[in-house]
Amino acid sequence: MEPPRKQLESVLIKPAGPDCNIACKYCFYLEKEKLFPTGGAHRMSTDVLEATVRQVMVGKAPNVSFGWQGGEPTLMGVDFFKKAFELEERFGQSGQVVGNGLQTNGLLIDDEWCNFLREAKFLVGLSIDGPKEIHDHYRVTRGQKPTWTRVNDALKRMLDAEVEVNALTVLNDLSAEHPDEIYDFLKGSGLTYFQFIPCIERDPADPTRVAPFSVSPEQYGAFLCRIFDRWHEDFIDGIPSTVVRWFDSVFATYVGVPPPECTLLTECGSYVVVEHNGDVFSCDFYVEDDWKLGNVMAGDLRDLLNSQQQTRFGHVKAELPDACRECRWLRHCRGGCPRERLSGPNGNGVSYFCEGYKMFFAHADERYRQLAQSWVRQQGEQACTVSRSSAGAQSTAKAGRNDPCPCGSGHKYKRCCGR
C-alpha cells in the first residue's frame, strides 16, 4: 500500500531570489546567482506569485503557512506583499488558517512596512546577531559598511508599531563566544522569541573542511548550555519568559510530539521552496540542480511535494551511520540536518555538530525530563477537567488566542496548540 499523500501545509518562497542589499560574509545564498545567469535583478512575476498562492490554498490543508525569505524579500516592495495577501484571501478555503512569516535584514523597514505587517499579522524574523560589535563583524553592506544601527532602528520601529518580531541570530566563530551578551541584548531590546542558527559552510579551498567563520562543535555546545541555563533561570511560575526555538523543538522530542524544527524530524521533505522564477526545490539549503523538483507554472506543488524525488530527498536524512543509531541521544537529534554531515572532522556521515549536541543533551537532560513530567501531568489534569465539564464549560476551559499556551511551551496559544 502506498503511503498517504502529504498535505501542502508549508512553502518557503524567495521572491527576490538570491538578491540582497547587504553582503554578510558568512552568507550561503548569494552564490545561488549562478543558477539564474540571465543577469539583472531577480524578481517574482505576478503570474508566478498567483500560481504559487493558488496551489497552496486550494490544497485545502486546514493550516497553511507562507515563509517569505531571500536574499532579501523586502526588495520586492510592500505592494508585492499586499498582492500576496489579497491572493491568499481570494483563494482561501472555508475554515483555513493562514500564517505568513517574513525573514528580513530590516534595512528597508519603514512606517508603511510596519503598518502592513501589523494589519496583515505577518510574523517577522529579524536577522540581528546581537550587540553592535558582534553584529557588525560579519553583517556588512557590499561596501563593507556596518549595518547594526539601521537594523536596530528597524527593530525599535516594528516593536513600537506592535509588529510581532522574532530574533534570528547566526552563531559564528565570534558570536558563539558571547552567549550572555547576546541573550541580554535581545531580551533588553524587548524581544522574547529567539532563534539561534549555527553557521556551517564549506571552505571553498577545501570542501572537506568548514569555512573559518563557522561555529565549532564545542563552541555550539557551550553556547547552547549557557543559553539554556539563562532560559531556565527566567521561568516565571514554571513558564518560560523567553522562547528559544531550539529548546522548544527538543522539548517536543521529550513529550512525543512532532518537533516544529525539521532538523529534529526523522526525515526531511515536509515543505518545498519556490524560487523567484517558479522553480521548485526540495529545501532551502539544497537549492541546486540535483534537487530541483519542477516549476509551479508547469506542475502542481502538491504533486511535487509527493514526488519520488522529494521522497528520496526525505529518506536521505534517515540514512544514519551506526554511531548515530547506537547513540542514546538519537531520539532527540535524529542525526541533525543532512547538510551538517561533512566528510571532514567527524566523518562517517555523523553531524559536524555531534559533539556539541552531546554536550547540550547531557547538560539539559535532567531538567527536560522534569519539564516533560510536569507537562504530561498538566495535560492529564486538563483532560480530566474537560471530561467533567458541561459543553458550555468546555468552551471556557481553553486558553484565549493571546494567552500563554497551557502546554508550557511559552508560546501564545494561537502560535502553539491553538494553531
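Student: Why does Cys199 count as buried or exposed, and which of the two is it?
Tutor: Cys199 has a relative accessibility of 5%. Buried means under 20%, so Cys199 counts as buried. Keep in mind that this is a predicted model.

Student: How do you know whether the sulfur of Cys199 is bonded to the closest cysteine sulfur?
Tutor: The closest cysteine sulfur belongs to Cys27, and the gap is 9.5 Å. A disulfide needs the two sulfur atoms within 2.5 Å, so this pair is too far apart for a bond.

Student: What about Cys283: how far is its sulfur from the closest cysteine sulfur?
Tutor: That one is in Cys337, at 6.0 Å, which is again too far for a bond. Cys283 counts as buried too, at 9% relative accessibility.

Student: How many disulfides does a search of the whole structure find?
Tutor: The search finds zero.

Student: On to charges. Why are Lys187 and Asp234 called a salt bridge?
Tutor: Their side chains come to 2.8 Å, N to O. The cut-off is 4 Å between a Lys or Arg nitrogen and an Asp or Glu carboxyl oxygen, so the pair qualifies. Lys187 is in helix H6, while Asp234 is in the loop between helix H7 and strand E9, 47 residues apart.

Student: What makes Lys187 partly exposed and Asp234 buried?
Tutor: Lys187 has a relative accessible area of 34%, and partly exposed runs between 20% and 50%. Asp234 has 16%, which is under the 20% cut-off for buried.

Student: How do you know that Arg339 and Glu201 form a salt bridge?
Tutor: Same kind of check: their side chains meet at 2.8 Å, N to O, and the limit is 4 Å. Arg339 is in the loop between helices H12 and H13, and Glu201 is in the loop between strands E6 and E7, so the pair ties together parts that are 138 residues apart in sequence. Arg339 counts as buried at 17% relative accessibility, and Glu201 is buried at 18%.

Student: And what makes us say that Arg339 lies over the face of Phe285?
Tutor: Arg339 is 4.0 Å from the ring centre, and the distance limit is 6 Å. There is an angle limit too, within 35 degrees of the ring normal.

Student: How close do the N and O atoms of Arg367 and Asp229 come?
Tutor: The closest ones are 2.9 Å apart, and the two residues form a salt bridge. Arg367 lies in helix H13 and Asp229 in helix H7, so this pair ties together parts 138 residues apart in sequence.

Student: Arg367 or Asp229: which is buried and which is partly exposed?
Tutor: Asp229 has 18% relative accessibility and counts as buried. Arg367 has 21% and counts as partly exposed. The dividing value is 20%.

Student: How many salt bridges are there in the whole structure?
Tutor: A search finds 20. Some salt bridges link up in a network, made of Asp180, Asp184, Arg226, Arg230 and Glu233.

Student: Now the rings. Why is the aromatic pair of Phe80 and Phe81 called edge-to-face?
Tutor: The centres are 5.2 Å apart and the planes make 80 degrees. Pairing needs centres within 6.5 Å and edge-to-face needs over 60 degrees, so both tests are met. It is one of 34 aromatic pairs in the structure. Phe80 counts as buried at 10%, and Phe81 is buried at 0%.

Student: What makes Phe196 and Phe223 an edge-to-face pair?
Tutor: Their ring centres are 5.2 Å apart and their planes stand at 75 degrees, so the pair is edge-to-face. Phe196 lies in strand E6 and Phe223 in helix H7, so the pair ties together parts 27 residues apart in sequence. Both are buried.

Student: How do you know that E6 is largely enclosed by the rest of the structure?
Tutor: Five of its six residues are buried, so that conclusion follows.

Student: How do you know that E6 pairs with strand E5?
Tutor: Five bridges join them, and they run parallel. Strands pair if there are at least two bridges, so five will do. One example is Leu168, which stands opposite Gln195 in E6. Getting from E5 to E6, the chain passes through H6, and this β-α-β crossover is right-handed.

Student: How many bridges join E6 to strand E11?
Tutor: Two bridges join these parallel strands, and at least two are needed for a pair. In E11, Val244 is the bridge partner of Phe194.

Key:
Residues numbered from 1 in each chain as written. Predicted model: local features only at pLDDT ≥ 70, side-chain atom pairs only at ≥ 80, totals over all residues. Heavy atoms only, no water. Helix = DSSP H or I, 4+ residues; strand = E, 2+ residues; numbered from the N terminus. Buried < 20%, exposed > 50% of the residue type's maximum accessible area, 1.4 Å probe, protein only. Phe/Tyr/Trp six-rings, centres within 6.5 Å; stacked < 30°, edge-to-face > 60°. Right-handed = clockwise from strand over helix to strand, strands pointing away.
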